[in-house]
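Thanks for coming, everyone. Let me put the structure up, and then I will walk you through it.

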Amino acid sequence: MRIVGALLILVGTMVCARAETLITSLSNHRVLINSNYTGTQIAVFGAIERDAQTVARATAYDVVVTVRGPRQFLTVREKERLGPVWINQEQQKFPTAPAYLNVLSSRPIDEITSDQLRQRQKVGLSAIINAADFTLNRDGADQPFRDALHRLKAQEGLYLEDGRGVTFLTPEIFRAGIALPATAPPGNYDVDVTLFADTVILARTQTHFELVKTGFEERVGVIARDWSLAYGLSTAALALFFGWLASTIFRRD
Amino acid sequence: MPVSVLLILGMGAAVGFISGLFGIGGGFLMTPLLIFLGIPPAVAVATQSAQIVASSTTSVLGALRRNALDHKLGAILVAGGFVGSALGVWFFAAARRAGQLDLVIVISYVTLFTIVGSLMLKESIREFWSRRKGGAVRLRRRAGEHAPYLGWPLRMRFYRSKLYVSIIPILGLSLFIGFAGALLGIGGGFIVVPALLYIFRVPTTVVVGTSQFQIVCTTLVALILHAVTNQAVDMVLAILLIVGGVFGAQFGARMGRHLRAELFRFLLAILLLAVGLRFGLELVLKPEEPFSITTQETRT
């Protein structure tokens with residue numbers, strides 16, 4: 001047993017020793033959202049470095065870039081017929097679904113690596129959404145809800161997959177463009193870059209960027225959440241003021 | 001929620017025009033319109049209450065100047081309305097947690113609009129026919145002609161309205177209006193006014209002012225409670241609705257003076273039935289997308 005363990009560690013270190021390293025950089029680590037924000041684009045640049053001992057590979061490299069937005073607690077509900085009306089009945093909770101999910105790859109993801117590895121390492125949109133721990137109660141009937149989550153988020157432009165989203169500029173240098181729609185919520189975004197060759201993962205890096213709301217809207221949003229009574233009172237005061245203003249301007253007597 | 005500013009202003013003006021035309025708050029039209037536009041029902045209902053506050057403030061101030069307001073009756077109505085509002089906001093939050101808020105709102109709209117719309121339609125058609133036949137219909141109070149519930153205990157004298165009635169049915173009415181108002185984002189003027197007129201026989205001179213007084217107070221409370229418990233009030237949207245509505249209402253009111261009363265009521269009834277029908281269809285037709293997502297929490 002011990003020998004097997006030692007061997008495994010040895011194999012592990014050997015893998016590390018001959019490994020390529022991945023260097024990545026984002027064009028922007030902080031995106032400011034103001035009132036006329038209509039979405040933006042963030043570029044990921046990356047270079048693959050091989051140490052001296054490593055021989056050139058026979059197959060080309062593949063890169064998968066996975067962008068995850070802030071985590072949300074989501075409930076997906078299904079309308080079913082009850083007598084003459086359609087009402088929400090079944091539901092499924094997704095406690096840590098990313099608000100935004102974008103998987104970019106240099107080739108269609110099913111050509112890069114095997115099904116099992118994708119499931120295990122959660123590579124690709126469907127592998128992430130179909131992961132066992134993605135939903136709270138797993139009683140078998142969750143598949144339609146996962147599909148619905150995928151479909152609805154895709155319709156909003158928040159769950160994306162692009163099998164040609166990563167471009168190799170040279171065999172060792174690549175770039176990818178992360179498109180963020182205006183509906184992507186503010187918060188922390190994780191960017192995972194995974195390097196593949198011949199269906200095996202060689203290296204992984206993670207960086208982050210942040211979407212920050214600024215200006216008037218952000219202040220109003222914060223006040224509405226943290227000072228809800230003051231917010232309600234001032235909205236009420238505004239409404240009363242406008243009502244009074246209208247009655248003086250359009251006075252008929 | 002990216003929605004065009006001009007569209008909201010335009011809708012506010014259009015609904016304001018109609019509300020000025022009919023002398024009603026217009027919440028019952030604006031809230032459904034906002035929902036059809038894709039604004040979450042919770043936000044639509046809560047924000048629309050700000051617009052109701054503004055428009056009824058204008059009419060209360062007008063009524064005060066004309067001295068067309070029964071303070072005592074108004075105070076009783078407000079007392080019941082406060083309780084109703086609080087219950088409505090509480091129920092709103094509970095239904096939202098259970099994921100059935102949309103259903104509750106839609107069913108309530110269908111029921112309320114179908115009932116009130118058909119009653120009004122019936123009334124206006126009957127009025128129209130009797131006018132054709134030459135007989136004038138009038139609301140007149142005859143001595144001794146009272147519904148039994150007006151004689152319940154806790155009777156109170158309202159000098160301005162020339163009433164001596166039990167306050168229990170009045171409190172009941174205002175409780176219901178407060179509840180419905182908070183739940184549906186309507187002021188409830190289109191229910192209170194006919195109820196005060198036909199059930200309690202309050203004189204026409206004070207009925208509008210008094211009901212508007214009640215609406216300002218209860219909607220104000222509903223607005224603040226919505227902001228605190230549901231955080232569903234959108235101040236920017238509220239301002240847009242108010243500004244659009246204020247101007248629309250003025251033009252509507254000017255137009256309204258050239259329209260005949262029973263034609264008014266007929267048009268209003270059709271409008272109510274149409275909105276009710278639109279909601280009813282949504283409930284009965286097979287939805288294109290049976291699934292929906294609600295975000296409970298975002299961890300930033």
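I will take chain B, then the contact between the chains, then the sheets of chain A. Keep in mind that this is a predicted model.

Chain B, then. Its secondary structure comes to 10 helices and three strands. Read from the N terminus, the elements go α-α-α-α-α-β-β-α-α-α-α-α-β. Chain B has 300 residues, and 48% of them count as buried. Now take the contacts in chain B with a separation of 6 or more. Residues 24 or more positions apart account for 81% of those.

Next, one helix in chain B: α6(B), residues 167-184. How does the span of α6(B) compare with what its 18 residues should give? At 1.5 Å a residue, we expect 26 Å. The end C-alpha atoms are 25 Å apart, which agrees.

Which residues of α6(B) are buried? Early on the list come Ile170(B), Leu173(B), Ser174(B) and Leu175(B). Ile177(B), Gly178(B), Phe179(B) and Ala180(B) are buried as well. So are Gly181(B), Ala182(B), Leu183(B) and Leu184(B). And what do they pack against? The buried residues of α6(B) meet α2 (27-36), α3, α4 (71-97), α5, α7 (189-199) and α8 (204-230), each of chain B. Look just after α6(B). There Gly185(B) takes a positive phi of about 70°.

Two of those partners also pack on each other. A general point before the numbers: two packed helices are described by the angle between their axes and the distance between the axes. Here, α3(B), residues 41-65, packs with α5(B), residues 101-132, at an angle of about 55°. Their axes are 9 Å apart. That angle makes α3(B) oblique to α5(B). By class, this contact has five nonpolar residues, no polar ones and one charged. From α3(B) come Pro41(B), Ala42(B) and Val45(B). They meet Leu101(B), Asp102(B) and Ile105(B) of α5(B).

Now the contact between the chains. Chain A gives 45 residues and chain B gives 41. On the side of chain A, the elements that give two or more residues are β5, β6, α5 (143-155), β11 (187-197), α6 (215-226) and α7 (228-249). Which of these gives the largest share? That is α7(A), with 15 residues. By class, the side of chain A that touches chain B divides into 28 nonpolar, 11 polar and six charged residues.

The two chains also share a sheet. Three strands form an open, antiparallel sheet in the order β6(A)-β5(A)-β3(B). The edge strands are β6(A), residues 85-98, and β3(B), residues 291-299; each pairs on one side only. The twist averages 20° from one strand to the next. Where do the chains join in this sheet? Strand β5(A), residues 71-82, pairs with β3(B) over eight bridges, in the antiparallel sense. To find the register, take two residues. Gln72(A) has Thr298(B) as its bridge partner. Glu78(A) has Phe291(B).

On to the sheets within chain A. One is an open sheet of four strands, with the order β1-β3-β10-β9 and antiparallel pairing. Its edge strands are β1(A), residues 21-26, and β9(A), residues 166-170. Each of those edge strands pairs on one side only. Neighbouring strands of this sheet are turned by 25° against each other on average, direction ignored. How many bridges join β3(A) to β10(A)? Eight, between residues 40-49 and residues 173-180, and the strands run antiparallel. For a marker, Ile42(A) stands opposite Ile178(A) in β10(A).

Last stop: β12(A), residues 200-213. Does β2(A) run parallel or antiparallel to β12(A)? Parallel, with four bridges from β2(A), residues 30-33. Leu32(A) has Val212(A) as its bridge partner there. With β11(A), in contrast, β12(A) pairs in the antiparallel sense, over 11 bridges. Asp192(A) has Gln206(A) as its bridge partner in β12(A). The hairpin of β11(A) and β12(A) has two residues between the strands. Asp198(A), in that hairpin, takes a positive phi near 55°.

That is the tour. I am happy to go back to any view.

Technical notes: Residues are numbered from 1 along each chain as its sequence is written. Chains are lettered from A and ligands numbered from 1 in the order in which they are written. This is a predicted model: local features need pLDDT of at least 70, side-chain atom pairs count only at pLDDT 80 or more; totals for chains, interfaces and linings use all residues. Axes are lines fitted to C-alpha atoms, for helices over the stretch in contact, and angles run from 0 to 180 degrees between N-to-C directions. Angles under 35 degrees count as roughly parallel, over 145 as roughly antiparallel, 65 to 115 as roughly perpendicular and the rest as oblique. Two residues are in contact if their C-beta atoms, placed from the backbone, lie within 7 Å. Ala, Val, Leu, Ile, Met, Phe, Trp, Tyr, Cys and Pro count as nonpolar, Asp, Glu, Lys and Arg as charged, and the others, Gly among them, as polar. Two strands pair if DSSP finds at least two bridges between them. The expected span of a helix is 1.5 Å times one less than its number of residues. A residue is buried if 20 or more other C-beta atoms lie within 10 Å of its own, exposed if 12 or fewer, and partly exposed in between; C-beta atoms are placed from the backbone.
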